[in-house]
Amino acid sequence: MATGFVFHELYMWHNTWNWAQVFAPSLTVQPGEHAENPETKRRFRNLLEVSGLLDQLVTIKARYASEDEIARVHTREHIARIKAMSAENGGDASSLTPFGKGSFEIAQLAAGGTMAACDAVIEGRVKNAYALVRPPGHHATADVGMGFCLFGNVAVAIAHARATHGLGRIATVDWDVHHGNGTQSIFYADPTTLTISLHQDNLFPDASGSLAERGEGAGEGYNINIPLPPGSGDGAYLAAFEQVVLPALRRFKPDLIIVPSGFDASGVDPLGRMMVTSEGYRAMTGLLMQAASELCGGRLVMSHEGGYSPMYVPYCGLAVMEEMTGIRTAVEDPWKPHMAKWGQQALQPHQQQAIAAAARLIEAIA
Ligand SMILES: [Zn+2]
């Protein structure tokens, strides 16, 4: 069976204006393009085409998530606020999250694209799927957008998979370099959704993503944060998978695994300070495919989140898609020899300490 792929031209038309004032109250630097712009995603999609891999993928048609479907995880007030601003000239979902006219509908299409990817995998039309959507979603909470996100695409898709396919347990493994705070908060009291986030410690949002955030009420123990020190590379990420992510998934036994997939943990990302390579992303994908095949018939869906290096995101994305399809193209990652010279890719003792602390959390999963 083939791998499904979701893309829509409208994802590229979500306007984030420019940013110069997002970190400062006054204009002190020349305004430039917002970091969350179409370029990295378009180049990822284009490398799939140029490499020939796109021809091997099954196109899954994106659809618009309805307001009722979004309201399964977001407040009506939040939806109405974004809709009203979008109908005018756009606005800001909160700090850092400017959007233009029509972005409400594009955000509906991003959530709906992730839902469509889940439908195709759950119904067995494809073995796994990647939704290359925009705007991203993992920072949006029930009642506010933030961190470039309007609606929680993955959260909406999880609620949809439950409501329409009757799925029980669903796990997310968020490898975006920023904390998946939105997904975490939406399912914080829900023991049927295991939310795992690997992220750079103390990056974004402020004071978010610590080991102490473990869920609440019936959901206590079903949220696992793996905050990693800046400088963590393939060695640390793979160790975190072996010691925390995979054992947690095995205890939880999900019916579906969804990855909020950000390539901003890469070694050349402007917004993160991690060192993951395309080979690291390939290896993490392979481990998740193994876990999915062992636990849930191979059901694995990825939904695109961050990743801000226009030169490198395409290679990370291609590596993930090659692994998901089992097809190697002739394209080589041109950064590989360059990044190999940097050193420090192997697991370091202080990184192992952080991972061991997170590993202690998995015992709470029943
Ligand atoms: Zn991110």
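Start by selecting Gly326, the residue that follows helix H9: its phi is positive, near 75°. Keep in mind as you go that this is a predicted model.

Now step back along the chain and select H9 itself, residues 313-325. Try a distance between the C-alpha atoms at its two ends: they are 18 Å apart, which agrees with the 18 Å that 13 residues should span at 1.5 Å a residue. Next, colour the helix by accessibility. H9 is mostly covered, with eleven of its 13 residues buried. Among them are Val313, Pro314, Cys316, Leu318, Met321 and Glu322. What do the buried residues of H9 pack against? Show strand E1 (3-6), helix H1 (39-51), strand E7 (128-131), helix H8 and strand E12 (300-304), and you have the elements that these buried residues meet.

From here, turn to the aromatic rings. Searching the whole structure gives eight aromatic pairs. For one of them, select Phe148 and Tyr308: the rings are edge-to-face, 5.8 Å centre to centre, with 85° between the planes. This pair links distant parts of the chain, since Phe148 is in the loop between E7 and helix H5 (153-165) while Tyr308 is in the loop between E12 and H9, 160 residues apart. Phe148 counts as buried because its relative accessibility is 9%, under the 20% cut-off. Tyr308 is buried too, with a relative accessible area of 7%.

Your next pair is Trp175 and Tyr281, again edge-to-face, at 5.6 Å centre to centre and 70° between the planes. Trp175 lies in the loop between E8 and H6, and Tyr281 in helix H8, so the pair ties together parts that are 106 residues apart in sequence. Both Trp175 and Tyr281 are buried. Now add Phe44, Tyr130 and Phe263 to the selection: with Trp175 and Tyr281, these residues form one aromatic cluster.

While you have rings on display, select Phe7 and Arg45. The charged end of Arg45 sits over the ring of Phe7, 5.8 Å from its centre.

Now for the metal. Which residues coordinate the zinc ion? Select Asp176, His178 and Asp264: Asp176 appears twice as a donor through OD, His178 gives ND1 and Asp264 gives OD, at 2.0 to 2.7 Å. Along the chain, the donors follow the spacing D-x1-H-x85-D. His178 lies in the loop between strand E8 (170-174) and helix H6 (181-186), and Asp264 in the loop between strand E11 (256-261) and helix H8 (278-295), so the pair ties together parts that are 86 residues apart in sequence. Switch on a surface and you should find that both His178 and Asp264 are buried. Look at the angles as well: the four donor atoms subtend 54 to 155° around the zinc ion, which makes the arrangement irregular. For a tetrahedral label, all angles would have to lie between 85 and 135 degrees.

For the last stop, select Val133, in the loop between E7 and H5. Is Val133 buried or exposed? Val133 is buried, with a relative accessible area of 1%. Show what surrounds it: leaving aside residues up to four places away in sequence, Val133 touches Tyr11, Ala110, Thr114, Asn153, Ser303 and His304. To finish, draw a distance from Val133 to Asp119, 14 residues apart along the chain, and their C-alpha atoms come out separated by 16 Å.

Note on methods:
Residues are numbered from 1 along each chain as its sequence is written. This is a predicted model: local features need pLDDT of at least 70, side-chain atom pairs count only at pLDDT 80 or more; totals for chains, interfaces and linings use all residues. Side-chain values use heavy atoms; hydrogens and water are left out. Donors are N, O and S atoms within 2.8 Å of the metal (3.2 Å for Na, K and Ca); water is not among the atoms, so sites may look incomplete. Four donors count as tetrahedral if all angles lie between 85 and 135 degrees; four count as square planar and six as octahedral if opposite donors are over 155 degrees apart and all others between 65 and 115; anything else is irregular. Helices (H or I, at least four residues) and strands (E, at least two) are DSSP runs, numbered from the N terminus. Buried means under 20% relative accessible area, exposed over 50%, partly exposed in between (1.4 Å probe, protein chains only). The expected span of a helix is 1.5 Å times one less than its number of residues. Contact means heavy atoms within 4.5 Å. Rings of Phe, Tyr and Trp (its six-membered ring) pair if their centres lie within 6.5 Å; planes under 30 degrees apart count as stacked, over 60 as edge-to-face and the rest as tilted. A charge sits over a ring if NZ of Lys or CZ of Arg is within 6 Å of the ring centre and within 35 degrees of the ring normal.
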